[in-house]
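This report introduces a protein structure to a reader who has not met it before. It treats the overall fold, then the interior, and then two residues in loops.

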Amino acid sequence: MSKSGVVIGLDVGAVRVGVARGDLAVKVASPLPAILNDDQIWRRLQQLIESNHAETVVVGLPRDAAGLETAQSKISRDFAEKLSRTVSAAVVLQDESLTSKIAEQTLRARGGFQEQMLRDGTLDSEAAALILADYLEGGRS
């Protein structure tokens, strides 16, 4: 992996996929609008990755409190596998334990948290930014 370049982070959900963009050189991750997880997801992700010239896509891998994989872990693994066959960027998995809870706490601490953020993808993309930030800081799983 190079020391610079764009990296996209994804938090895979049944309804939406949270999205974040980061850079290996500055190690900063920023949330982007979430994408609906529908029959157009692969086309949308391919466009996003190409338009950002992303070298790597980081897909969150959920685990339970004991660190074991869950049913959602398999969904994320399958998603990452299909994505790797769809795009030219490298696709890697990153532990995402507790990112949704931390993302909600972060949004609440900033003030202005609204329940709508649970439905509009804001929380999903904030979680994607946390997953990506952990990856950028070297916390690779």
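Helices (H or I, at least four residues) and strands (E, at least two) are DSSP runs, numbered from the N terminus. In these terms, the place of His53 is in the loop between α1 and β4. The model described here is a predicted one.

**Overall fold**

The secondary structure of the protein consists of 5 helices and 5 strands. Their order along the sequence is β-β-β-α-β-α-β-α-α-α. The protein has 141 residues, and 40% of them count as buried. Among contacts with a separation of 6 or more, 60% are between residues 24 or more positions apart. The accessible surface of the protein is about 7400 Å², and carbon and sulfur atoms account for 52% of that surface.

**The nonpolar interior**

The largest nonpolar core of the model holds 20 residues. Within this core, the residues with the most contacts are Ile8, Leu10, Leu45, Val57, Phe79 and Leu83. At least two residues of the core come from each of β1 (6–12), β2 (16–23), α1 (41–51), β4 (54–61) and α2 (71–86). The largest share is that of α1, which supplies 5 residues.

A second core, separate from the one above, has 10 residues. Its members include Ala20, Leu24, Val58 and Ala129.

Which residues does Ile8 touch, not counting residues up to four places away in sequence? They are Val19, Ala20, Arg21, Leu48, Asn52, Ala54, Thr56, Val57, Val58 and Leu132. Two of the residues that Ile8 touches, Ala20 and Val58, are also members of the second core.

**Two loop residues with positive phi**

Most residues other than glycine have a negative phi. Lys27 has a positive value, near 55°, and so does His53, with phi near 55°. Lys27 lies in the loop between β2 and β3 (28–36), whereas His53 is found in the loop between α1 and β4.

Are these residues buried or exposed? Lys27 is classed as partly exposed because its relative accessible area is 46%, and this class lies between the limits of 20% and 50%. His53 is classed as exposed because its relative accessible area is 65%, and exposed means over 50%. The table places the values for the two residues side by side.

| Residue | Phi | Loop | Relative accessible area |
|---|---|---|---|
| Lys27 | near 55° | between β2 and β3 | 46% |
| His53 | near 55° | between α1 and β4 | 65% |

Conventions. Residues are numbered from 1 along each chain as its sequence is written. This is a predicted model: local features need pLDDT of at least 70, side-chain atom pairs count only at pLDDT 80 or more; totals for chains, interfaces and linings use all residues. Side-chain values use heavy atoms; hydrogens and water are left out. A nonpolar core is a set of buried Ala, Val, Leu, Ile, Met, Phe, Trp, Tyr and Cys residues joined through side-chain atoms within 4.5 Å. Buried means under 20% relative accessible area, exposed over 50%, partly exposed in between (1.4 Å probe, protein chains only). Contact means heavy atoms within 4.5 Å. Accessible areas come from the Shrake-Rupley method with a 1.4 Å probe; for residues, only the protein chains shown count as cover.
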